[in-house]
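Biologist: I should like to learn how to read charged pairs and strands in a structural model. Could we take one case and work through it together?

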Amino acid sequence: MAVPSTDLHLIRAARRVFTGPSTLLDDPKQRARSARYLVDLAHPYGLELPDGPGQEALGRSHAEMAEALIGVLVPPHEPVDLLVLAFARHDVLPGRATATYLSHLCPGTPLSFAVCDQGPAAVVSGLRLAHAYASPDGGTTALLIGVDQAVLPYRTPTPAPARQQAVAMLYRTAPVAGTEPGPDPAGDVVPAPARMTVLRQHPDVAAGDVAALAGSELAALSAGRPDTRVVLGVDLAAAWPAHPTGGVTVAPPGQPVTGPWWTLLDVLTAGPARSGPVLTADYDPDLRYLCLTGWETTPVDTRPR
């Protein structure tokens, strides 16, 4: 699926690594209720939750990670129209309707969606939702939050993310400089203004075909410009050993949902000029999605406010 053009402008973003357990799961009663809930969900699939030592290694809930970033990224006077939460692994508190809960916390009480069961493609699917929802008259604000949950109380077929982290990106459908948020002592907010120019998802791409397709797509999208910078997902880099290296940054391993977008923010803000197009490409070898996005950086508004 290709979106031929887009008016989504990245205004700013926030990101954070989270350590320690979920605040709600610090309560022994809540922890016991959550464990019973997970046992009921996991048992039909032959997944047994262990008892005893090890249960103290509890992850951060999606809501806690997202809530922290909403607080530093979205000022109270900037209402949001659409909120999308993207994730690959279920929450440590799966009984909560997290996207609805986050809508209640977010300025504007936006319409909210959760995107799951799409692996690394979840954030790109969220961008498709934002593009489809955008008003043709402009002025729509969308908040897209990707989370990686590193701790579950049972083994999973795929390796767990290396760490618990979240990336939140605030978009508008008009190229208007965003109002700066309040003070951010932790340095989580990243001013990374850019316009998304390309959004493509190719389904059912076999591993043997992905290198050729990714290579032809990136060549076409870069249009021969030598200043094009590329962010590759780690799975695509593995499936395409002969990928170009000049101007290419490979996202770190172990962060299937957030890794490419964390890296994209670094690339968008790298260098004093911050010029030239930026492309991202990622591949999920299990679900066989090849996803590509294109970005055009826009000047940072440094005028006093």
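Modeller: Let us begin with a term: a residue counts as buried when its relative accessible area is under 20%, and as exposed when that area is over 50%. Please keep in mind that this is a predicted model.

Biologist: What allows charged side chains to pair, and how many salt bridges does the structure hold?

Modeller: Side chains of opposite charge can pair when their charged atoms come close. The structure holds eight salt bridges. One of them links Glu78 with Arg12, with 2.9 Å between the closest N and O atoms. Glu78 belongs to the loop between helix 2 and strand 3, whereas Arg12 is part of strand 2, so this pair ties together parts that are 66 residues apart in sequence.

Biologist: Are Glu78 and Arg12 buried or exposed?

Modeller: Both Glu78 and Arg12 are buried. A further salt bridge joins Asp188 to Arg16, at 2.5 Å from N to O. Asp188 sits in the loop between strand 6 and strand 7 and Arg16 in strand 2, so the pair connects parts that are 172 residues apart in sequence. Asp188 is buried, at 7% relative accessible area, while Arg16 is partly exposed, at 23%.

Biologist: Which residues meet Arg225 and Arg172 through salt bridges?

Modeller: Arg225 meets Asp227 in a salt bridge, 2.7 Å from N to O. Arg225 is partly exposed, with a relative accessible area of 42%, and Asp227 is also partly exposed, at 32%. As for Arg172, salt bridges with shared partners join this residue, Arg12 and Glu78 into one network.

Biologist: Let us turn to strands. Where do the side chains of strand 3 point, and are they buried or exposed?

Modeller: In a regular strand the side chains alternate between the two faces of the sheet. In strand 3, Leu82, Val84 and Ala86 lie on one side and Leu83, Leu85 and Phe87 on the other, and all are buried. Six of the six residues of strand 3 are buried, so the strand is largely enclosed by the rest of the structure.

Biologist: Which strands are joined to strand 3, and by how many bridges?

Modeller: Strand 4 runs parallel to strand 3 and is joined to it by five bridges; there, Val115 is the bridge partner of Ala86. Strand 5 also runs parallel to strand 3, with six bridges between them, and its Leu143 stands opposite Leu83.

Biologist: What does helix 3 make with strand 3 and strand 4?

Modeller: Together, strand 3, helix 3 and strand 4 form a right-handed β-α-β unit.

Definitions and conventions: Residues numbered from 1 in each chain as written. Predicted model: local features only at pLDDT ≥ 70, side-chain atom pairs only at ≥ 80, totals over all residues. Heavy atoms only, no water. Salt bridge = Lys/Arg side-chain N within 4 Å of Asp/Glu carboxyl O. Helix = DSSP H or I, 4+ residues; strand = E, 2+ residues; numbered from the N terminus. Buried < 20%, exposed > 50% of the residue type's maximum accessible area, 1.4 Å probe, protein only. Pairing = 2+ DSSP bridges. Right-handed = clockwise from strand over helix to strand, strands pointing away.
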